[in-house]
Amino acid sequence: MTKLKNKVALITGAARKQGQGAAEAALFARKGARVIMTDVLDEEGNALALSIGNQASYQHLDVTSEAQWERVIQRIQTEHGQIDILVNNAGVWSDTGVIDTSPQEFRRVVEVNQTGVFLGMHFVAPFMKERRSGSIINVSSTAGLRVGLPYWRRLQLSAHAYTASKWAVRGMTKAAAKELAAFNVRVNSIHPGVINTPMITGGQNELAEDCPMERLGTPEEVAELALFLASDNSTYISGAEITIDGASTA
């Protein structure tokens, strides 16, 4: 199938094998897109891009760096002449509460999870606006919809900085969607629940017990949702917040 034929997609945080970004990159490439995978894990990113094939390539990108965003965007414009899809997937986790989170840690999480999303939209949106076409997909979290999920309470987690950053992504998505709607540029947020990725370092069985579906989600399932939002099958959807959490927030 060629659902994304002739489209160019930029995906951040795509180097980790078995991660959401990697699953999105592989699926988008299979559906016909030219995929530019970015991350700070260069060895892993290059190897993963090679394993996907000619449809994928890798570039180094620290999402908190304006200069690196400009460099990556300019290279994509030079090599491809367009950017049709942006998936702001890069993110970091922090589980401490408001008292135990240091100001330095708070800023670190916000810089990656929130400022990184802003910079992606800031640098990519002008090209989409000029072409009057594009889809921006911001990866938030169920933590951006509800504070204190069941498994957080059981594990005595607060995740103050993470929660703050993911709520911010939700609001930024809606604001950008309103701003860009007249130019046919769509902006949506995905809110995954507990997905079985390298970010989870243990306790998968216990986490699954807290989910009404009694299992964890997979990166491939998140990728399928991202594919729908990236494709022309969702041309009237913008400003939406879509959960993928096995009914955990229902």
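Contact, in what follows, means heavy atoms within 4.5 Å. With that term fixed, this predicted model can be followed from its sheet outward to the helices and then to a single loop residue.

In this model, helix H3, spanning residues 66-80, lies across S1, S2, S3 and S4, and its direction is at about 150° to S3. Helix H1 (residues 20-30) also lies across strands: strand S1 (8-11), strand S2 (34-39), strand S4 (85-88), strand S5 (134-139) and S6. H1 runs at about 170° to S1.

The strands beneath this description belong to an open sheet of 7 strands, arranged in the order S3-S2-S1-S4-S5-S6-S7 with parallel pairing. Its edges are strand S3 (56-60) and strand S7 (241-244), each of which pairs on one side only. From one strand to the next the twist averages 20°. Strands of a sheet pair through backbone hydrogen bonds, in either a parallel or an antiparallel sense. At the S7 edge, strand S6 (residues 185-192) pairs with S7 in the parallel sense over 4 bridges. Within this part of the sheet, serine 189 stands opposite glutamate 241 in S7.

A further element of the architecture is a pair of helices. Helix H4 covers residues 103-131 and helix H6 covers residues 160-180; their axes come within 8 Å and cross at roughly 15°. Because angles under 35 degrees count as roughly parallel, H4 is roughly parallel to H6. The crossing of the two helices is right-handed. On the H4 side, the contact is made by Phe106, Val109, Val110, Asn113, Gln114, Val117, Phe118, Met121 and Ala125. H6 contributes His160, Ala161, Tyr162, Ala164, Ser165, Lys166, Ala168, Val169, Met172, Ala176 and Leu180.

The last stop is arginine 215, found in the loop between helix H7 (204-209) and helix H8 (219-230). Its relative accessibility is 37%, and it therefore counts as partly exposed, a class that lies between the limits of 20% for buried and 50% for exposed. Leaving aside neighbours within four places in sequence, arginine 215 is in contact with Ala208 and Glu221. With glutamate 221, the side chain of arginine 215 makes a polar contact, side chain to side chain, at 2.8 Å. Arginine 215 and asparagine 196 are 19 residues apart in sequence, and their C-alpha atoms are 9.4 Å apart in space.

Note on methods
Residues numbered from 1 in each chain as written. Predicted model: local features only at pLDDT ≥ 70, side-chain atom pairs only at ≥ 80, totals over all residues. Heavy atoms only, no water. Pairing = 2+ DSSP bridges. Axes fitted to C-alpha atoms, helices over the stretch in contact; angles between N-to-C directions. Buried < 20%, exposed > 50% of the residue type's maximum accessible area, 1.4 Å probe, protein only. Polar contact = N/O pair within 3.5 Å; in protein donor to acceptor, adjacent residues only side chain to side chain. Parallel < 35°, antiparallel > 145°, perpendicular 65-115°, else oblique. Left-handed = near helix turned anticlockwise from the far one by under 90°.
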